[in-house]
Amino acid sequence: MSLRQVICVCLAWAAGFAALPAHAAKGDRQVDLPRVSPLLEGRVLELRFPETAEGIWVRRDFECADITRIHDAPPGSVVAIYRGLFETPGQICQVYGAEQGAANAQRAAMNCMRDDGGSALGLVTLRPRGSSVLLVQDGDLPPVAYRFCRPIRPVLIPQD
């Protein structure tokens, strides 16, 4: 088959599809993810973390002054929590289901975007210990204690 014949076949094929109506809609190419984790099924309360967990939390108190950007911190050294967002060095996650457990523990299913461009589903459990310590358990890993560093201030402040 010559190049001219290939071009003619391609043009005829394209013209045939051009005559058909297009039925694409926003989100057609998105992956359909389950909205509720099986662990949380039937017990979803909120799509955000409790206000007591909001803020920037560090492993060691002396690291607090050095934190200017979460992504510049060493892995495992800092956690930022604000409403339905959970950020650590290397990823930012959004809650899509949460369950309040015993002893003020909250378990949240999250959809995470990693800095390397990948995405993942995650499960995190938060357990406050007083007002300045937060135990964070990522999936099945052992809990890690973080100390309160500072609050996260809203960027947009309502005008009176």
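**Disulfides and the main pocket**

The torsion about the S-S bond of Cys 64 and Cys 149 is about 80°, so this disulfide (a pair of cysteine sulfur atoms within 2.5 Å) is right-handed. The pair links distant parts of the chain, with Cys 64 in the loop between β1 (55–58) and β2 and Cys 149 in strand β8, 85 residues apart; strands are DSSP runs (E, at least two residues), numbered from the N terminus. The S to S distance is 1.9 Å, and both cysteines are buried, a term for under 20% relative accessible area with a 1.4 Å probe and protein chains only. The model is predicted, so that local features need pLDDT of at least 70 and side-chain atom pairs count only at pLDDT 80 or more, whereas totals for chains, interfaces and linings use all residues. Residues are numbered from 1 along each chain as its sequence is written, and side-chain values use heavy atoms, with hydrogens and water left out.

A search of the whole structure finds two disulfides. In the pair formed by Cys 93 and Cys 112, the sulfur atoms are 2.1 Å apart. Because Cys 93 lies in strand β4 (residues 91–100) and Cys 112 in strand β5 (residues 106–114), the pair ties together parts that are 19 residues apart in sequence. Cys 93 counts as buried at 1% relative accessibility, and Cys 112 is buried at 3%. With bonded cysteines counted along the chain, the pattern is 1-4, 2-3.

Methods: Helices (H or I, at least four residues) and strands (E, at least two) are DSSP runs, numbered from the N terminus. Buried means under 20% relative accessible area, exposed over 50%, partly exposed in between (1.4 Å probe, protein chains only).
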